[in-house]
Amino acid sequence: MEPNEEKVIPIKEEKLEKPEEELLSIVDPIEADKYRQEILSKAWRKSSNRIVDLKVMTDTTVVTTGDGKYIFFIPPELDFLLLRTAYAYITTVSSSGALTIQVRNVTDSVDILSTALTIDANEFSSLTAATSYVINKANDLVQSGDRIAIDVDGAGTGAQGLGVILTFN
């Protein structure tokens with residue numbers, strides 16, 4: 001593109017059907033700025049990761065099994081986003097046995113992970129797990145008002161201070 005050459009932005013056909021006065025109003029700087037802000041907002045929303053760091057149990061609390069160890073609410077800001085990554089961590093390692101952590105959509109009654117998070121014995125996080133978690137693509141969409149639970153299906157021995165980090169996009 002030459003330095004003084006204008007960039008031509010194509011207009012969709014359905015916009016061409018509007019009366020000429022309406023088309024001219026799009027050129028109004030205030031309306032154009034509102035439109036630009038709306039487009040940028042939608043683009044940012046789709047391209048930005050939203051990270052949720054949940055401290056499920058305090059650093060001195062021994063991890064025990066059970067459903068709904070932590071339940072949180074999906075706010076409008078996370079509406080229609082997908083779970084992209086999940087990690088778990090502890091502050092005191094399990095001396096034997098792995099921790100197994102499931103992320104569950106209580107509202108829809110479905111597990112979001114088809115293979116749960118695992119923290120192996122003598123490890124601090126799921127990053128080094130022998131078995132990687134798998135997100136169930138049929139259940140990864142969250143909507144405003146959903147309740148999401150962190151379930152502990154396996155607690156290991158002596159592990160303390162469970163946390164879970166979820167990334168939505």
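Hi everyone. By a nonpolar core I mean a set of buried Ala, Val, Leu, Ile, Met, Phe, Trp, Tyr and Cys residues joined through side-chain atoms within 4.5 Å. Keep that in mind, and keep in mind too that this is a predicted model.

Let's start with the whole chain. There are three helices and 11 strands, and along the sequence the three helices come before the strands, in the pattern α-α-α-β-β-β-β-β-β-β-β-β-β-β. Of the 169 residues, 33% count as buried. The chain exposes about 10400 Å², with carbon and sulfur atoms supplying 55% of that area. And if you take the contacts with a separation of 6 or more, 78% of them are between residues 24 or more positions apart.

Now to the core. The largest one has 31 residues, and those with the most contacts inside it are Val-63, Ile-101, Leu-162, Leu-166 and Phe-168. Which strands supply at least two residues each to this core? They are β1, β3, β4, β7, β10 and β11. As background, nonpolar side chains in soluble globular proteins tend to be buried together.

Let me take two of those residues in turn. Val-63 sits in a loop, the one between β1 and β2, with β2 covering 66-73. Is Val-63 buried or exposed? Its relative accessible area is 5%, so Val-63 is buried. Setting aside neighbours within four places in sequence, Val-63 is in contact with Met-57, Leu-99, Val-152, Ala-155, Ala-159, Gln-160, Gly-161 and Leu-162. There is also a nice pair of numbers for Val-63 and Gly-158: they are 95 residues apart in sequence, and their C-alpha atoms are 7.3 Å apart in space.

Leu-162 is the other one. With neighbours within four places left out again, its contacts include Leu-54, Val-56, Met-57, Val-63, Ala-88, Ile-90, Ile-101, Ile-119 and Val-152. Lys-55 and Tyr-89 are among the contacts of Leu-162 as well.

On to strand β11, residues 163-168. Five of its six residues are buried, so to speak a mostly covered strand. What does β11 pair with? One partner is β1, residues 50-55, in the antiparallel sense over six bridges. Within that pairing, Ile-51 has Thr-167 of β11 as its bridge partner. Another partner is β3, residues 81-89, again antiparallel and joined to β11 by six bridges. Here Leu-83 stands opposite Phe-168, and Phe-168 is one of the core residues I listed a moment ago. As a reminder while you look at these strands, side chains in a regular strand alternate between the two faces of the sheet.

Next, the side-chain pairs. How many aromatic pairs does the structure hold? Just one. The rings of Tyr-87 and Tyr-133 have centres 6.3 Å apart and planes at 80°, which makes the pair edge-to-face. This pair links distant parts of the chain, with Tyr-87 in strand β3 and Tyr-133 in the loop between β7 (117-119) and β8 (134-135), 46 residues apart. Tyr-87 is partly exposed at 29% relative accessibility, and Tyr-133 is partly exposed at 23%.

The count of salt bridges is two. Asp-59 pairs with Lys-55, with the closest N and O atoms 2.6 Å apart. Asp-59 is partly exposed at 42%, and Lys-55 is partly exposed at 35%. The other salt bridge joins Asp-151 and Arg-104, at 2.6 Å from N to O. That one links distant parts of the chain: Asp-151 is in β10 (residues 147-155) and Arg-104 is in β4 (residues 99-105), 47 residues apart. Are these two buried or exposed? Both Asp-151 and Arg-104 are buried.

Last stop, the backbone. Most residues other than glycine have a negative phi. Ser-109 is not a glycine, yet has a positive phi of about 55°. Ser-109 lies in the loop between β4 and β5 (110-111) and is exposed, at 63% relative accessibility. Asn-122 is also not a glycine, and its phi is positive too, about 65°. Asn-122 is in the loop between β7 and β8, and with a relative accessible area of 51%, Asn-122 counts as exposed.

That's my tour. Thanks for listening, everyone!

Methods: Residues are numbered from 1 along each chain as its sequence is written. This is a predicted model: local features need pLDDT of at least 70, side-chain atom pairs count only at pLDDT 80 or more; totals for chains, interfaces and linings use all residues. Side-chain values use heavy atoms; hydrogens and water are left out. Buried means under 20% relative accessible area, exposed over 50%, partly exposed in between (1.4 Å probe, protein chains only). Helices (H or I, at least four residues) and strands (E, at least two) are DSSP runs, numbered from the N terminus. Two strands pair if DSSP finds at least two bridges between them. Rings of Phe, Tyr and Trp (its six-membered ring) pair if their centres lie within 6.5 Å; planes under 30 degrees apart count as stacked, over 60 as edge-to-face and the rest as tilted. A salt bridge is a side-chain nitrogen of Lys or Arg within 4 Å of a carboxyl oxygen of Asp or Glu. Contact means heavy atoms within 4.5 Å. Accessible areas come from the Shrake-Rupley method with a 1.4 Å probe; for residues, only the protein chains shown count as cover.
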